[in-house]
Every structure is written in structure tokens, then in C-alpha cells.
Amino acid sequence: QVQLVESGGGLVQAGGSLRLSCAASGSIFSINAMGWYRQAPGKQRELVAVITSGGSTNYADSVKGRFTISRDNAKNTAYLQMNSLKPEDTAVYYCNARITAGGSRATVNAWGQGTLVTVSS
């Protein structure tokens, strides 16, 4: 069984910064892509950023130039550095990872529990 635990959310003023972390644990053989999604009240969950095991990244147009996704493969951890935050970035941010489980080698699409980011104007 694998688990993703996010941390780093909170309340910040517009123009400020936050750094989210997502740590994977459990029976892990390898971690493929890791990504961050967000869901604002009354809206659908949307992709924010994704990073492959090789380090290639992709971003939503709304966050390009402001957010940076990275990962530390040795720690099974992904990060999302968020700068120049705007009130419209307010949402619950979820970590996602495609993990090859140890033992069974089954592919698991894992989600974290979510962390709330609130940006005040």
C-alpha cells in the first residue's frame, strides 16, 4: 500500500509565496509521473503541473512563470513552489503520483488528502 502526504498549504497575501511538499511512502518500486492538481469551490479539479521521472515538466497556462514543480527521487518527494500568488489560486491542492508498487509491480494511481491554499487580496 502506498500513501501520499501533502504539506505546506496555508493563508498568504496576494503576491506572496508558498511551497507545497508531497511525500510518498509505503511499498514502492518506482514512481513515474508526479503532479499537482487543484480544486476551487464550485469548480472541477484541474491539473496545475506535472513532472516525469526524468524531470520533464508541464504547467497549466494559468501558472506558467509563477509556479515551479520539482522532485527529489531519493526522498520520493515532489514540491510545488508557488510565487506571485493570486486570489484565483485559492483552492485545495492535491498531489498525484503514478507508482509501481513493490512486490506485485502493480501500477497505483495515488492521491494525497489535499492541502488548502488561500490567497487573500
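**View 1. Ser 84 sits in the loop between strand S8 (77–82) and S9.** This is a predicted model, and our tour starts at a single loop residue. Ser 84 isn't a glycine, yet its phi is positive, at about 50 degrees. Is Ser 84 buried or exposed? Neither, quite: its relative accessible area is 40%, so Ser 84 counts as partly exposed.

**View 2. Here's the hairpin of S9 and S10, with five residues between the strands.** Strand S9 covers residues 91–101 and strand S10 covers residues 107–111. The two pair up in the antiparallel sense, and five bridges link them. If you'd like a spot to look at, find Arg 98: its bridge partner in S10 is Asn 109. Between the strands, Gly 103 takes a positive phi near 80 degrees.

**View 3. Arg 105 is another stop in the loop between S9 and S10.** What is the phi of Arg 105? It's positive, about 60 degrees, although Arg 105 is not a glycine. The relative accessible area of Arg 105 is 43%, so this residue is partly exposed.

**View 4. Thr 115 is a buried residue in strand S11.** The strand itself takes in residues 115–120. Why does Thr 115 count as buried? Because its relative accessibility is 11%, and the cut-off for buried is under 20%. Now look at who is around. Leaving out residues up to four places away in sequence, Thr 115 touches Glu 6, Gly 8, Gly 9, Leu 20, Ala 91, Val 92 and Tyr 93. Take Val 92: it is 23 residues from Thr 115 in sequence, but their C-alpha atoms are 5.4 Å apart in space.

**View 5. Strand S1 and strand S3 run antiparallel, joined by six bridges.** S1 is made of residues 2–7, and S3 of residues 18–26. Glu 6, which also turns up among the residues touched by Thr 115, stands opposite Cys 22 in S3. While you're looking at strands, here's a handy rule: in a regular strand, side chains alternate between the two faces of the sheet.

**View 6. S3 also pairs with S8, again in the antiparallel sense.** How many bridges are there between S3 and S8? There are six. One place to find the pairing is Ala 23, which stands opposite Thr 77 in S8. S8 is the strand just before the loop that holds Ser 84, where our tour began.

**View 7. Stepping back, the protein chain has eleven strands and zero helices.** From the N terminus on, the elements read β-β-β-β-β-β-β-β-β-β-β. Along the principal axes, the C-alpha atoms fill a box of roughly 50 × 25 × 20 Å. The radius of gyration is 14 Å, which agrees with the value near 14 Å for a compact globule of 121 residues. Of those 121 residues, 40% are buried. Among contacts with a separation of 6 or more, 56% link residues 24 or more positions apart.

**View 8. The accessible surface of the protein chain comes to about 6200 Å².** Carbon and sulfur atoms account for 47% of that surface. What about charges? The protein chain has 11 positive and 6 negative ones. Their mean positions lie 6 Å apart.

Definitions and conventions. Residues are numbered from 1 along each chain as its sequence is written. This is a predicted model: local features need pLDDT of at least 70, side-chain atom pairs count only at pLDDT 80 or more; totals for chains, interfaces and linings use all residues. Side-chain values use heavy atoms; hydrogens and water are left out. Two strands pair if DSSP finds at least two bridges between them. Helices (H or I, at least four residues) and strands (E, at least two) are DSSP runs, numbered from the N terminus. The radius of gyration is taken over C-alpha atoms; the globule rule is 2.2 Å times the number of residues to the power 0.38. Buried means under 20% relative accessible area, exposed over 50%, partly exposed in between (1.4 Å probe, protein chains only). Contact means heavy atoms within 4.5 Å. Accessible areas come from the Shrake-Rupley method with a 1.4 Å probe; for residues, only the protein chains shown count as cover. Lys and Arg count as positive and Asp and Glu as negative; His and the chain ends are not counted. The place of a charge is taken as NZ of Lys, CZ of Arg, CG of Asp or CD of Glu.
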